[in-house]
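Got your viewer open? Here's a short tour, one selection at a time.

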Amino acid sequence: MTLNNLGNVYQALGELPRAIELYEQSLAIFRETNNRPGQADTLGNLGNAYKKTGDPERAIQLFKESLAICREVGRHSAEVNALHNLADLYGEKGDFVRAIDYYRDSLHLQSSSWTRMKTDRERAALLQQMQKTAKGLETALLQDGQVESALLEADVWRARGLCETLCAPNMSPDDTRETRDLMAAMKRYASKSGSVIVFYSYVTFAKTMNIYVVRGDTKNQSASCTCRSVDLSDYDRQ
């Protein structure tokens, strides 16, 4: 068993100081041998360990080092993980603009690998990963006050992926549809039909239900999109 794998075992067991020690030893060896992919993976593992110890600044530094090497050597899966982790950490720090950028970069990188997926199992795993990232993006957008963007991007990646899986498996789910045009169309429909359009999006890791309401024009107010987030953690414990 390699030092890196052994570190992963200790990290899974919650023995973070020991895991960090092993990762540092592994990183020293990879640097001595100029093994760049090994360095990228180990830096990512160290970032995860420091993230769990409650040291976000050190974790951010490590993930950025890993990200730079991943881009240098073309290690796409590790790059996706680094981007997602950076987004999570910046979101926790309240820097939602950076979090949003990193989530979007992660999603676009994931979508670029769509055509390389050879089996339905691989495509399903990718869609599941993309959905997780999209939920993080949705949460960051809401926290930044971008309600309309949050609604449009909440499930759009999953919807695109599902559509492509059913209709054109060789196409990327990262299509060129203008989401702003979609929002305008929803508002026009609500205005014309006199109806209210309601969407629900459940964010698993936050145990939160986001309820979006799109209303059309009326005599008293302009068309709008609002969101209410409901904490379901108490129900989850029952």
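Start by selecting K135 and E138: their side chains form a salt bridge, with the closest N and O atoms 3.8 Å apart. Keep in mind as you click that you're looking at a predicted model. Both residues sit in helix α7, three residues apart, which is about one turn of the helix.

Now switch on the surface. Are K135 and E138 buried or exposed? K135 has a relative accessible area of 6%, so it's buried, since the cut-off for that is under 20%. E138 is buried as well, at 0% relative accessibility.

Next, stay with α7 (residues 120-143) and add helix α6 (residues 96-112) to your selection. The two pack at an angle of about 160°, and their axes are 9 Å apart. That makes α6 roughly antiparallel to α7, because angles over 145 degrees count that way. If you look at how they cross, the crossing is left-handed.

Which residues meet between these helices? On the α6 side, show side chains for F96, A99, I100, Y103, R104, S106, L107, Q110 and S111. On the α7 side, go for L126, Q129, M130, T133, A134, G136, L137, A140, L141 and Q143. Color them by class and you'll get 11 nonpolar, seven polar and one charged residues in this contact.

Time for another salt bridge. Select R18 and E21, whose side chains meet at 3.2 Å, N to O. They're three residues apart in helix α2 (residues 16-32), so about one helical turn separates them. Check the surface here too: R18 is partly exposed at 30% relative accessibility, and E21 is partly exposed at 39%.

For the last pair, select K51 and D88. This is a salt bridge as well, and its closest N and O atoms are 3.5 Å apart. What does the pair tie together? K51 lies in helix α3 (residues 36-53) and D88 in helix α5 (residues 76-92), so the link joins parts that are 37 residues apart in sequence. K51 itself is partly exposed, with 25% relative accessibility.

Why do such pairs turn up? Side chains of opposite charge can pair when their charged atoms come close. If you'd like to keep hunting, a search of the whole structure finds 10 salt bridges. Among them are K135 with E138, R18 with E21 and K51 with D88.

Conventions:
Residues numbered from 1 in each chain as written. Predicted model: local features only at pLDDT ≥ 70, side-chain atom pairs only at ≥ 80, totals over all residues. Heavy atoms only, no water. Axes fitted to C-alpha atoms, helices over the stretch in contact; angles between N-to-C directions. Helix = DSSP H or I, 4+ residues; strand = E, 2+ residues; numbered from the N terminus. Parallel < 35°, antiparallel > 145°, perpendicular 65-115°, else oblique. Left-handed = near helix turned anticlockwise from the far one by under 90°. Contact = heavy atoms within 4.5 Å. Nonpolar A, V, L, I, M, F, W, Y, C, P; charged D, E, K, R; others polar. Salt bridge = Lys/Arg side-chain N within 4 Å of Asp/Glu carboxyl O. Buried < 20%, exposed > 50% of the residue type's maximum accessible area, 1.4 Å probe, protein only.
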